[in-house]
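Here's a quick walk through this fold, strand by strand and helix by helix. Have the viewer open as you read.

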Amino acid sequence: MNPRYPGRVYLAHLPTPLERLDRLGKHLGGPELLIKRDDQTGLALGGNKVRKLEFLAADALEHGCDHLITSGGPQSNHCRQTAAVAARLGLGCSLVLRGQAPIRFTGNLLLDRLFGAHLYWAGDRPLGEVMSQVAGELRAMGRKPYLIPLGGSNVVGATGYVMAMEEFMAQLAAAGLNVDFIVFASSSGGTQAGLVLGARVYAFRGRVLGISVDRPAEELQTQVAALATATATHLGLGTVSVAGQVEVNDDYLGEGYGVLGEAEREAIRLVAQLEGILLDPVYTGRAMGGLIDLIRWGAFTHRQTVLFWHTGGTPALFAYGDELLA
Ligand SMILES: Cc1ncc(COP(=O)(O)O)c(C=O)c1O
């Protein structure tokens, strides 16, 4: 299989480091642990969306667009990274955010403002509806907006994670390492779709396990499988079915999206204090909390190697300061 990658704008610091988590691994007493540092993709404090945005921004430029529009929650990492990409490329940026404007702008929201994005508060209106309205207003002013879906999770964005798997396989080969499981936070599904398709394309022999952050496993699995198949077509790979390879665990949804629980608190504290690495309260804290639980109940053997793919999100830590220290 040979993907035909479309145009890309070089924005990320790649390859991101592949590191050992020896102290955490020893503390938990389970499998060998590794980490892939996509929190270090460079632009705007890093994160997984930069890989997607390299392809999305290239597509926007190719279509002659001069303004990026996307949406998300008030602490959306995707929105923050989109705002930074727009600034870097000299494009306008409008962000449609769920709910009402808060009194204090902190974490990602503070950074959205620093990058000069226009913020629209959707209240309880559907985000897509407000995005269309904003796009209409921009067009009426003679601008050419490019709409990016939630999380950048379409075939263009997912392409970034197909390519990430090529990078990862080269790192494993160079270091003579073997990985049995890749574990990471999954939400809008683009990261997982790209990784699962990339695993097929680049012959990764381990399993790719998404820890759902906010939705039932079956729903996310269906979405990821459809997106991976569509991405394969987009990359000229023909019909590729990955349905059997899309593994999602939804045991760690806790009290819902963005609600910090004891599992997230413990994961963030452990990884910070044993490895000097920051996780985030919404995505990677939840996924690592899940991984820690899986290790504790013996889901992996001592001989296996598990890689945690860090997808970023650390700016949101500052929006959860009081809750983290409670
Ligand atoms: C830090 C972080 N990790 C993981 C994810 C999930 O990635 P995806 O939406 O591609 O499933 C997101 C998405 O917003 C994120 O911000």
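Let's start with a strand pair: β7 (residues 181-186) and β8 run parallel and are joined by six bridges. Keep in mind throughout that this is a predicted model. Within that pairing, Val-183 sits opposite Leu-209 of β8. To get from β7 to β8 the chain goes through helix α7 (residues 190-201), and that β-α-β crossover is right-handed.

On to the next partner. Strand β9 (residues 247-249) pairs with β8 over three bridges, in the parallel sense. Here Ile-211 is the residue that faces Asn-249 in β9. The link is again a β-α-β crossover: the chain leaves β8, passes through helix α8 (residues 217-234) and arrives at β9, with right-handed sense. How enclosed is strand β8 by the rest of the structure? Largely, because five of its six residues (207-212) are buried.

**A second set of strands**

There's also an open sheet made of four strands, with the order β5-β4-β3-β6 and parallel pairing. Its edges are β5 (118-121) and β6; each has a single partner strand, so one side of each is left without a neighbour in the sheet. On average, neighbouring strands here are turned by 25 degrees against each other, ignoring direction. If you want to check the pairing at β6, note that β3 joins it in parallel over three bridges, and that His-67 stands opposite Pro-145 in β6. Strands like these pair through backbone hydrogen bonds, either parallel or antiparallel.

Helix α5 (residues 127-140) lies across β3, β4 (92-97), β5 and β6. Relative to β3, helix α5 runs at about 165 degrees. An angle over 145 degrees counts as roughly antiparallel.

**A helix that is mostly hidden**

Now for helix α2 (residues 49-62). It has 14 residues and spans 19 Å from first C-alpha to last, close to the 20 Å expected at 1.5 Å a residue. Is α2 enclosed or open to the outside? Twelve of its 14 residues are buried, so α2 is largely enclosed by the rest of the structure. The buried residues include some with charged names you might not guess, among them Lys-49, Arg-51, Lys-52, Glu-54 and Asp-59. Others on the buried list include Val-50, Leu-53, Phe-55 and Leu-56.What do they pack against? The buried residues of α2 have β2 (32-37), β3 (67-72), α3 (77-89), β6 (145-147), α6 (155-175) and α7 as packing partners. Just after α2 comes Gly-64, with a positive phi of about 70 degrees.

**Two helices that cross**

Further along the chain, look at helix α9 (residues 262-275) and helix α10 (residues 284-296). Their axes come within 8 Å and cross at roughly 90 degrees, so α9 and α10 are roughly perpendicular to each other. On the α9 side, the contact involves Ala-263, Glu-264, Glu-266, Ala-267, Ile-268, Leu-270 and Val-271. From α10, the contributors are Gly-285, Arg-286, Met-288, Gly-289, Ile-292 and Arg-296.

**Backbone spots to check**

Most residues other than glycine have a negative phi, and most peptide bonds are trans. With that in mind, here are two residues other than glycine where phi is positive.

| Residue | Phi | Location | Relative accessibility |
|---|---|---|---|
| Leu-45 | near 75 degrees | loop between β2 and α2 | 53%, exposed |
| Ala-203 | near 55 degrees | loop between α7 and β8 | 53%, exposed |

Which residues does a cis peptide bond join? Those are Leu-14 and Pro-15, with omega at about -5 degrees. Pro-15 belongs to the segment before β1 (18-20).

**One last loop residue**

Finally, Ala-299 lies in the loop between α10 and β10 (305-310). Its relative accessible area is 30%, so Ala-299 counts as partly exposed. Setting aside neighbours within four places in sequence, Ala-299 is in contact with Leu-294 and Gln-304. As for Tyr-161, the C-alpha to C-alpha separation from Ala-299 is 26 Å, and the two are 138 residues apart in sequence.

Note on methods. Residues are numbered from 1 along each chain as its sequence is written. This is a predicted model: local features need pLDDT of at least 70, side-chain atom pairs count only at pLDDT 80 or more; totals for chains, interfaces and linings use all residues. Side-chain values use heavy atoms; hydrogens and water are left out. Buried means under 20% relative accessible area, exposed over 50%, partly exposed in between (1.4 Å probe, protein chains only). Helices (H or I, at least four residues) and strands (E, at least two) are DSSP runs, numbered from the N terminus. Two strands pair if DSSP finds at least two bridges between them. A crossover is right-handed if, with the strands pointing away from the viewer, the path from the first strand over the helix to the second runs clockwise. The expected span of a helix is 1.5 Å times one less than its number of residues. Contact means heavy atoms within 4.5 Å. Axes are lines fitted to C-alpha atoms, for helices over the stretch in contact, and angles run from 0 to 180 degrees between N-to-C directions. Angles under 35 degrees count as roughly parallel, over 145 as roughly antiparallel, 65 to 115 as roughly perpendicular and the rest as oblique.
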